[in-house]
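User: Please give me a close look at one part of this model. I would then like to see how other parts are placed around the chain.

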Amino acid sequence: MIYMLMTPARSAQHARPESGRYVAPTQTATVQLLDLLQTAKRGPKYTTRQLNIFKDQAETPEDETLFYAGDLSLVSKPCVAIVGSRAATSHGRARATRLARELVEAGVVIVSGLAKGIDAAAHTSAFDSGGQTIAVIGTPLSKASPVENAGLQEAIWRDHLLISPFADGSTVQRDNFPHRNRTMAAISDATVIVEAADNSGTLYQAVACQKYGRWLFILKSVVESRAWPQRFINQPNTVILENTEQIFSKLDLR
């Protein structure tokens, strides 16, 4: 059974963002990633043992700095990352849109990486459903990439939360995006992979979920059509996702 709650009326701050030139945030701040996990994620979801696992196994330094603009308190709410292919199919985008809407209706914050395809569909659905969203990007806060999502990125830092592991002026490299995915896995209670090829960068996030003890949900359609899920489906905290109720159950959101 899937939760079906009343969708809140969409306010002006949740209106669909306009496309156009990106206006970067003028006020930004920093937070240490481990400090954020220790202070924002209290209770049984994030135990001392889990935090120690993150500290011991993180591929980035313990005192990694995150740069952000917006409402950092969103990280203290139930957060689920919805990620997948940039070259998403229409079915993949529709699944991401529906999943984000159902999670928002249950009070979950949608996390994604502001890429084309699945990421953009998840963020946009959160807006359209009157919910909240966090974007973790692979560029400095001052840069919008891809340019098609400039309006979306601006709306997120203004009314939601925009996070980057990269300081202003940092060079944008391919290694930035696996780093971005590891950060997303760390700040989210769970990650859902909606659509991803065998060589997708999204798999970095799947690996990070295993390392950090986060829930990893892989859509059944992906398991049935791709080889890569076999690396994960027999591992702890991995679930083949058939309905949203499975996420609510694992995250104790009943």
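Analyst: Helix α6, residues 176-187, is largely enclosed by the rest of the structure, because eleven of its twelve residues are buried. Buried means under 20% relative accessible area, exposed means over 50%, and partly exposed is in between, with a 1.4 Å probe and protein chains only. The buried residues of α6 are N176, P178, H179, R180, N181, R182, T183, M184, A185, A186 and I187. At 1.5 Å a residue, the helix should span 16 Å, and its end C-alpha atoms are 17 Å apart, which agrees. The expected span is 1.5 Å times one less than the number of residues. Helices are DSSP runs of H or I with at least four residues, strands are runs of E with at least two, and both are numbered from the N terminus.

This is a predicted model, in which local features need pLDDT of at least 70 and side-chain atom pairs count only at pLDDT 80 or more, while totals for chains, interfaces and linings use all residues. Residues are numbered from 1 along each chain as its sequence is written, and side-chain values use heavy atoms, with hydrogens and water left out.

For the wider setting, the protein chain has nine helices and nine strands. Of its 254 residues, 53% count as buried. Contact means heavy atoms within 4.5 Å. Among contacts in the protein chain with a separation of 6 or more, 77% join residues 24 or more positions apart.

I187 of α6 is buried, and it is also one of the residues with the most contacts inside the largest nonpolar core. A nonpolar core is a set of buried Ala, Val, Leu, Ile, Met, Phe, Trp, Tyr and Cys residues joined through side-chain atoms within 4.5 Å. The largest one has 60 residues, and I82, L103, I134, V192 and I247 are also among those with the most contacts inside it. Leaving out residues up to four places away in sequence, I247 touches V80, L99, L103, V192, F217 and L241. Another core lies apart from the largest one and has 14 residues, including L114, I137, I156 and L162.

L103 and L99 lead to helix α3, where both are buried, along with G92, A96, A100, E102, V104 and E105. The cover over the buried residues of α3 includes β3 (79-84), β4, α4, β7 (190-195) and α9 (245-250). α3 has 16 residues and reaches 23 Å from its first C-alpha to its last, close to the 22 Å expected at 1.5 Å a residue. After α3 comes G107, with a positive phi near 85 degrees.

R95 is also in α3, and it counts as partly exposed because its relative accessible area is 38%. Not counting residues up to four places away in sequence, R95 touches V194, L219 and S221. R95 and A122 are 27 residues apart along the chain, and their C-alpha atoms are separated by 9.1 Å.

Two packed helices are described by the angle between their axes and the distance between the axes. The axes of α3 (residues 90-105) and α4 (residues 118-128) come within 8 Å and cross at roughly 35 degrees. Axes here are lines fitted to C-alpha atoms, for helices over the stretch in contact, and angles run from 0 to 180 degrees between N-to-C directions. The crossing of α3 and α4 is right-handed (the near helix is turned clockwise from the far one by less than a right angle; anticlockwise would be left-handed). On the α3 side of this crossing, the contact is made by G92, R93, A96, T97, A100, R101 and V104, and on the α4 side by I118, A121, A122, S125 and A126. By class, this contact has seven nonpolar, three polar and two charged residues. Ala, Val, Leu, Ile, Met, Phe, Trp, Tyr, Cys and Pro count as nonpolar, Asp, Glu, Lys and Arg as charged, and the others, Gly among them, as polar.

Some loops have backbone features of note. Most residues other than glycine have a negative phi, and most peptide bonds are trans. L114, in the loop between β4 (109-112) and α4, has a positive phi near 60 degrees, and it is buried, with a relative accessible area of 0%. N237, in the loop between α8 (220-225) and β9 (238-241), has a positive phi near 70 degrees and is partly exposed at 26%. The peptide bond from S145 to P146 is cis, with omega near 0 degrees, and P146 is in the loop between β5 (133-136) and α5 (150-159).
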